[in-house]
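Subject: Structure handover

Hello,

Here is the structure we talked about, for you to open alongside this message. My notes on it follow below.

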Amino acid sequence: MARGKQPGKTQHAPKVHRAVVTLTVDDFESAFWPDEQPVDNAVVMTMGALHEGHAALIRAARKQVGRDGRVAVTVFVNPLQFGAGEDLERYPRSLDDDVRLAEANGADVVFAPSVDEVYPNGEPQVRIAAGPMGERYEGATRPGHFDGVLTVVAKLLHITDPDFALFGEKDAQQLAVVRRMVADLDFDVEIVGVPTVREEDGLALSSRNRYLSAEERARALALSGALFAGRDAAARGPKAVREAASAVLDAAEGVDLDYLALIDPHDFTEAPDDFRGEAVLAVAAKVGATRLIDNVHVIVR
């Protein structure tokens with residue numbers, strides 16, 4: 001049984017949290033498990049550069065475990081999930097700001113290890129393979145990406161030992177392969193998906209949005225616009241969904257499309273034309289030099 005199940009706790013006024021910053025596994029365990037008091041605990045795994053989307057995850061984690069539960073936020077830019085020519089070196093790093101945001105939204109501990117702390121024996125020779133689900137869409141564009149994701153998620157689950165791990169639905173394929181890993185390998189943790197946070201104009205929040213110029217940001221709205229158009233056409237079937245979304249992207253300038261796909265969420269395969277039920281409409285594209293992804297859930301009838 002996962003550590004710390006205690007149903008039926010009394011609700012109290014919100015507790016003021018002061019996040020402890022830990023850099024090593026030993027320090028994290030001392031801070032996150034100061035005693036054997038049986039409380040629920042949750043983890044939110046991030047690569048830093050936290051924004052309101054991450055804040056929503058942390059708040060959801062706090063709500064999940066209650067006033068007296070424990071919430072950990074990990075901040076680790078995982079080199080295993082970056083391919084050649086990707087933005088590992090320029091990926092934004094802002095730990096002080098990250099700690100402030102995490103603390104303000106209910107985190108108890110921020111775990112910000114170095115690469116050597118997570119991979120003390122160097123680049124791991126044994127990794128978790130994402131299998132066919134990890135070879136499509138994002139996996140086809142970024143070979144090995146999800147193997148790197150699952151390897152670090154597995155390590156962080158072992159270190160943090162949570163009852164709940166919360167992931168954003170914006171990274172739909174990541175959420176799907178993490179759920180499959182947990183189910184297939186019998187991890188004793190509940191994976192909780194949290195809805196995508198968007199700006200008022202519909203743009204999905206992303207740490208990479210800061211790379212966009214004002215003009216590029218305006219062009220990037222075509223991604224969410226296409227998804228919303230496809231969702232609005234869902235009552236007419238899969239073909240109508242694809243056509244409505246494609247029309248928006250075809251008319252957009254400065255958007256280099258990688259893929260637009262209507263996906264069966266159970267195995268992350270392309271939904272056939274006779275598909276009915278809940279699907280994921282996903283898009284990936286470059287706007288300028290910045291690659292963005294987004295998705296919406298649609299009910300196809």
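Leaving out neighbours up to four places away in sequence, Gln 174 is in contact with three residues: Phe 146, Val 149 and Phe 167. Gln 174 itself sits in helix H7, which runs over residues 172-184. Please keep in mind that this is a predicted model.

Gln 174 matters for these notes since the UniProt annotation "binding site", from an unreviewed entry, covers Gln 81 and Gln 174. The two are spread over 94 residues of sequence, yet they cluster in space, with a largest C-alpha distance of 11.3 Å.

Where is Gln 81 found? Gln 81 lies in the loop that runs between strand S3 (70-75) and helix H3 (95-104). Is Gln 81 buried or exposed? Its relative accessible area is 9%, and buried means under 20%, so Gln 81 counts as buried. Again not counting residues up to four places away in sequence, Gln 81 touches Met 47, Glu 86, Arg 142, His 145, Gly 148, Val 149 and Val 152. Val 149 therefore appears in the contact lists of both Gln 81 and Gln 174. Closer along the chain, the side chains of Gln 81 and Asn 78 are joined by a polar contact of 2.9 Å.

Now to the aromatic rings.

The structure holds seven aromatic pairs. One of them is formed by Phe 28 and Phe 32: the ring centres are 5.1 Å apart and the planes are at 25°. Planes under 30 degrees apart count as stacked, so this pair is stacked. Both residues lie in helix H1 (residues 25-32), four residues apart, which is about one turn of the helix. Phe 28 is buried, with a relative accessible area of 0%, and Phe 32 is buried as well, at 1%.

Another pair, Tyr 137 and Tyr 259, is tilted, with 5.5 Å from centre to centre and 55° between the planes. This pair links distant parts of the chain, as its members are 122 residues apart. Tyr 137 is in the loop between helix H4 (115-118) and helix H5 (138-141), while Tyr 259 is in strand S7 (residues 255-264). Both tyrosines are buried.

Finally, ring pairs link Phe 28, Phe 32, Trp 33 and Phe 111 into a cluster.

Regards

How values were computed:
Residues are numbered from 1 along each chain as its sequence is written. This is a predicted model: local features need pLDDT of at least 70, side-chain atom pairs count only at pLDDT 80 or more; totals for chains, interfaces and linings use all residues. Side-chain values use heavy atoms; hydrogens and water are left out. UniProt positions are given in the numbering used here, feature names are shortened, and annotations may be inferred rather than shown by experiment. Helices (H or I, at least four residues) and strands (E, at least two) are DSSP runs, numbered from the N terminus. Buried means under 20% relative accessible area, exposed over 50%, partly exposed in between (1.4 Å probe, protein chains only). Contact means heavy atoms within 4.5 Å. A polar contact is a pair of N or O atoms within 3.5 Å; within protein, one must be able to donate a hydrogen and the other to accept it, and residues adjacent in sequence count only if both atoms are side-chain atoms. Rings of Phe, Tyr and Trp (its six-membered ring) pair if their centres lie within 6.5 Å; planes under 30 degrees apart count as stacked, over 60 as edge-to-face and the rest as tilted.
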